[in-house]
Amino acid sequence: MRSWGKYGWLLFIGAWSITAAIAATPRPKTLADEILASSGVKAGLCVHLGCGSHQNPALIANLAAASRLLVHGLALDDASLARARGVIDARGLSGRAMIEKVALPPLPHLNDLANLVVITDWEALAAQGLTMAEVERVTAPGGVICIVKDGRLTKTVKARPAGMDDWPQPAHGGDGNRVSRDKIVKFPVGLRWQDGVPLNFNMWAACRGWVIAGGRCFTLGTTEPENLGPASFSKHRMEQYLTARDAFNGLPLWKVNCETTDDGRALNAFNPAALVTDGKRVYAFKKDKLVAFDAANGKAALSCDVKFPTVRLLLANGVLVASGWEKKELLTGFARGTIWAPWVPKTGAGAVEAFDAASGAAKWSLTSPAQEMVAADGVVCLLQQSGNPPTEQHLVGMDLQTGRERWRVAHTKFEPQSPLNLGCAGCGIVTVLRPKAKTLSVLSLADGSVLWEIKETERFWTPLVNGELWHAGRRYDPKSGGEKGKLPASFDSPMCTPACVVGGGDYVTASRGCSYIDLSASADSTAPQGGTKINWAGARGACIEGATPAHGMFYTGQNWCRCAPGQVPGFVAFGPTGDPPTAGDFEKARPIEKGPAFGKIQNPRSEIRNPDDWPMLRHDAQRSGAGRMNVADKFVLAWQHYASRPAEGPLAGAWNARLTSCLTAPVVSDGIAIAAATDAGQIVALCAATGHERWRFNAGSRVDTPPTLHRGLCLFGAHDGWLYALRASDGALAWRARLAPAERRMVAFGAVESVWPAAGSVLVHDGAVFASAGRTTESDGGLAVCAFEPAGGKQLWAKEVGPGPVRQNDLLSLRDGRIALHHLRFDAKTGACSAAGKGGREGSLEGLIDGTWTRLGTRRSGGHKIGRASAELFAWNDKTLFGYESKSRTVFALAHEKTAGDEKEKLKGEDYAWRTVMPDGQQIEAMALADNGLVVAGRVCDAKTGAISGFLWRVSLEGGKQLAGYPLELPPTYDGLALAGGRVYVSLQDGKVLCFGKAD
């Protein structure tokens, strides 16, 4: 596989290059080259239907190698599946190209997902019942369908459907009117795609804004892997990046460092990024100029010299208007406090400058800045002020094209010391908000005169919808103020997550509370008064822009907010995905797909597990992280083997932004050490004694955590939504069962995944295997939790965990004899579910599986809880609990009885058996307990050089004294230790497995 650049896997930095050549030397033209040239599609998602044929088994690999595409293939039979996977593996393209075999029809992909669909065996597909209408359904607007038949290539381009709207500016348009005409987005909704760093790491609004047009989504912010420090205790950078993604699947297109900074504060809807697009270009401030970037490739198309850094920006009627300030600061004395305060110019120095958007030619300018701007009907309205808090304000109406002043209104026309804000403009009016006076004023765009007012109001959101002004549950004529009727609900716009009107009046978002109001049902006499409230907590509307509708879905940026514990990580798009599965769909019997090893597993072991094994992540069903063995006194390297490699190529940025390793922790049993190559979707088995590779198995998608080994079986879940059972001796498939309630595929962090991905490390307890699938309880019907017989795959029970518990999916564990998922408990025999403890915002919201704290810092709601103890990592035996707390970088030992009591009562220093602060520049990221010591591994950050390495220690159980140490080239995989047969196994971030102990 050819590298597209040297990616810093030490820091997980994946810069997206659009200028690298596809190949260094000329090569013969292939069918893939012809398809790519004919379609014009070089990035995004390609779906290949009928891949792996005898005639061209390498086509899917060639499509991935010759482009920046993520390629997802559907094979018609097992032979085709094996052929295509063999080519992909041989060329090192696993992850960039992935193949599945699923029953057709329908296609498993969500609506409007693929930029390119390649069909090489249409007759066979049609014979299975696939129709062209179904192919068009999964193709994105503007996407291309290519059919290859008898050596000829035909293509079809999918038209953009009527009723699909853009969101080209932070408030939809330059008029400041947060009203979308998109009629495609409707409820119910489900997840459509995810990408980017999981959470904000520069305060609350590090993703400062986003705009969507022309099939692309553009973001401006600091929540980018390039800004991450090397460890949780590091200071993160605050450089702003302009990032382009495909709007329909979230796949990366290009990225530009704008060489500006932002601290992620100032959570006010008046403070979005200065960012606009017309679909062909996207405009942003870079370093010292206002730059128009080509939307397709990120190249600078033109630049405009501006006198001051651009803070406010709008585009109207081909005119780009920029308000630049010498410096900015937060408004003093803001009623809601400084966290939510709007920016104001710190000095009087600044300018308003207008440019021709097409040519960049200057049109007109003012020598003073504007605090706010809106434009409509050929007029740009400026709010200019001086002082902080403002002592003088002026509303100014300027001719948009010429800059001629049409009118000016001083704040004294209203009341002294009554700060003003601009609302929206259009229909011949502009609204002026006067919160302290509790008055909404409506001014004429023509001459600035006050046309009418609403007094004694507490609500100030005034959208213009279908030629009417909406306010506080009533509809008004914009010019006369005459009341035209009532709305079925009274609503306002939150300060930090602004609301919007969708579909020209069908819905209103109230996304700070993860709720929406359906107004479309109000015409139905049976509809409840106040509209129909819809709660959907799969993603919370992000600060600054909320949840913005466009292209038939909603878009929202990253959060670091515990007010929505069920929100999924990353930059998220959600929208219509069909009716969510019912509880019956989740709980129905799963059919078993049998493999060649079904019924042929020879298990030499008795039912008593060998205590020297480490058969599942964190050793046992309790996930205690404790083995019952002694390890060697010194760390002697027995062997090392690369089981995976760090991400390279065009998808590296998306994969690395997840902040996970390319290789999971190892598990060890029956002389075999097994780990998962995460993004490649592969299970890799090594000889535990020598490190030689025994076998490798391809799943249908990403595998997030290692398998579980049980009685000759290798059991794991994959992000294709399936539970797999392999013969551990050779990797042959014994059986698999679909955990997901349906076959639906989306794109998540640069990979095609099931809407309900299965957690990799399944739980085995009392002769049953327990597995879970889904992203969050709050989306797409929730999570599936299932129990199976390990040997033959017979389903014992299956349960839906639907909206209400409010949590993301996580690893299952055993607590007090019951199967635990966060605060939920399931009876192991029947699946009956109950709650243990509180299910709100307490405890770690991300759960056991999430190790992003190693880079981001502490978790959203603190560490894991065991009684009164809190830590990022725990390991325990019958007497003592050991932990690592990342905020203080302290490793500790604590007698179990000390954890009892009121959880609100904090532990005291004398409660601990011992506490040790890690040396400067070091943190623990993996922990495992042996009978003769606590084994820990972690990262070392050299403060002077920035170099990153790792360490492996054994410390005494009694006092925490270091007994043995070994320097690692790199940090370990999160929780990446296993102790077995007296040996220590550790996975590193570069995909290498190391074994310490006696070599055979």
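User: What makes a pair of cysteines a disulfide here?

Analyst: A disulfide is a pair of cysteine sulfur atoms within 2.5 Å. In this predicted model, Cys 561 and Cys 563 are joined in this way, with S to S 2.5 Å. By this rule the count is 1 disulfide.

User: Why is the disulfide of Cys 561 and Cys 563 called right-handed or left-handed?

Analyst: Look at the torsion about the S-S bond of Cys 561 and Cys 563: it is about 120 degrees, so the disulfide is right-handed.

User: How do you know whether Cys 561 counts as buried or exposed?

Analyst: Buried means under 20% relative accessible area. Cys 561 has 18% relative accessibility, so Cys 561 counts as buried. Its partner Cys 563 has 29%, and therefore counts as partly exposed.

User: Why is Cys 46 not bonded to Cys 146?

Analyst: The closest cysteine sulfur to that of Cys 46 is in Cys 146, and because the two are 8.6 Å apart, they are too far for a bond. Cys 46 also counts as buried, at 0% relative accessibility. Cys 304 is in no disulfide either, as the nearest cysteine sulfur, that of Cys 258, is 14 Å away. With a relative accessible area of 3%, Cys 304 is buried.

User: What makes the protein chain as compact as a globular protein of that length?

Analyst: To set the scene, the protein chain has 8 helices and 73 strands. Its radius of gyration is 29 Å, close to the 30 Å that the globule rule gives for 1000 residues, so the protein chain is as compact as a globular protein of that length. Buried residues make up 63% of those 1000 residues.

Notes: Residues numbered from 1 in each chain as written. Predicted model: local features only at pLDDT ≥ 70, side-chain atom pairs only at ≥ 80, totals over all residues. Heavy atoms only, no water. Buried < 20%, exposed > 50% of the residue type's maximum accessible area, 1.4 Å probe, protein only. Helix = DSSP H or I, 4+ residues; strand = E, 2+ residues; numbered from the N terminus. Rg over C-alpha atoms; globule rule 2.2 N^0.38 Å.
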